[in-house]
Amino acid sequence: MSRFESAGAGGATARFAAGEVRILSDLARQLADLVENRTDHGSDPAIERLFPDGYRKNADDAAEFRRYTEGDLADGKVRNARTVLASLSGPTRRWRTHVTLDAAGVGSWLRTLTDLRLTLAARLGVERDGTVPSSSDAVTRAIYEWLGYLQETLVEAIDT
Amino acid sequence: MVDTLDRPETEQLSALDQPWVTLVWDDPVNLMSYVSWVFRSYFGFDRTEATGGREEMERHVEAMHGFGLWASMQKADA
């Protein structure tokens, strides 16, 4: 399984196998679509979590906050997902796609990995204590865990 | 396995002389290492206090949502 390594100056690098590139690209594309085509809140727990209320005790304040911030928040999520997608179309050597990120690219990746994990967690029905229901789809579960591993290596890479 | 923020606690960013508080809620998905990185890179420190009034708290909440953290704000005495 591929992992991120430090590239210095807050950057990071990884070499992904073709299968990994395909999954990550599909997910980033789906995330951008999900965010762009979102409809009313409350019908999709993933959207609800990606765009949470800024005020929990006052519905009017929450609605107003949402009015002011949701557009920019959505744009940012789509932009980050597209950045991830673009970085996955880099050079391939020895059957591996080399991804090299500067500090800004790392920021986009960390945010997109987070949004993907939040979305998958909603689909899997991850419980409050972090338990992933064993009845959930095994492939989705494996991808969720893998994205967590990848994110962990990325945080480690820029922390060292 | 990776660590997740599974402790029932919230991060409270408040100022004694300000009437608003930003809360970053515990969530079972985000990795503790990532949440730490967010606090350090955004606030410049890990898990301590920030100061500010309502507008500043709104900026913090908006930024936390940008990082995928579950944050909200309320009056400090609420």
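Which residues of the largest nonpolar core touch the most other members? The model is a predicted one, in which local features need pLDDT of at least 70, side-chain atom pairs count only at pLDDT 80 or more, and totals for chains, interfaces and linings use all residues. Residues are numbered from 1 along each chain as its sequence is written, and chains are lettered from A and ligands numbered from 1 in the order in which they are written.

The core has 50 residues, and A:Ala12 and A:Leu154 touch the most other members. A nonpolar core is a set of buried Ala, Val, Leu, Ile, Met, Phe, Trp, Tyr and Cys residues joined through C-beta atoms within 7 Å. A residue is buried if 20 or more other C-beta atoms lie within 10 Å of its own, exposed if 12 or fewer, and partly exposed in between, with C-beta atoms placed from the backbone. H4(A) gives the most to this core, nine residues. A:Leu154 touches A:Phe4, A:Ala12, A:Val106, A:Trp109 and A:Leu110, leaving aside residues up to four places away in sequence. Contact here means C-beta atoms, placed from the backbone, within 7 Å.

Chain A holds five helices and four strands. Their order from the N terminus is β-β-α-α-α-β-β-α-α. Helices (H or I, at least four residues) and strands (E, at least two) are DSSP runs, numbered from the N terminus. The C-alpha trace of chain A spans about 55 × 35 × 30 Å along its principal axes. Its radius of gyration is 17 Å, which agrees with the value near 15 Å for a compact globule of 160 residues. That radius is taken over C-alpha atoms, and the globule rule is 2.2 Å times the number of residues to the power 0.38. Of the 160 residues of chain A, 32% count as buried. Among contacts in chain A between residues at least 6 apart in sequence, 63% join residues at least 24 apart.

H4(A) is mostly covered, with 17 of its 22 residues buried. Its end C-alpha atoms are 31 Å apart, in agreement with the 32 Å expected at 1.5 Å a residue. The expected span is 1.5 Å times one less than the number of residues. Just after H4(A), A:Gly125 takes a positive phi of about 75°.

Two other residues with positive phi lie in the loop between S3 and S4 of chain A: A:Arg94 and A:Trp95. Most residues other than glycine have a negative phi. Phi is near 50° in A:Arg94 and about 65° in A:Trp95. A:Arg94 is exposed, with 6 other C-beta atoms within 10 Å. A:Trp95 also counts as exposed, with 8 C-beta neighbours inside 10 Å.

The contact between the chains takes 27 residues from chain A and 22 residues from chain B. On the side of chain A that touches chain B, helices H3 (59-87), H4 (103-124) and H5 (138-159) each supply at least two residues. The largest share, seven residues, comes from H4(A). By class, this side has ten nonpolar, seven polar and ten charged residues. Ala, Val, Leu, Ile, Met, Phe, Trp, Tyr, Cys and Pro count as nonpolar, Asp, Glu, Lys and Arg as charged, and the others, Gly among them, as polar.

The predictor gives the complex an ipTM of 0.93 and a pTM of 0.90. Chain B has a mean pLDDT of 78, and 68% of its residues reach 70 or more. This score is the predictor's confidence in each residue, from 0 to 100.

Definitions and conventions:
Two residues are in contact if their C-beta atoms, placed from the backbone, lie within 7 Å.
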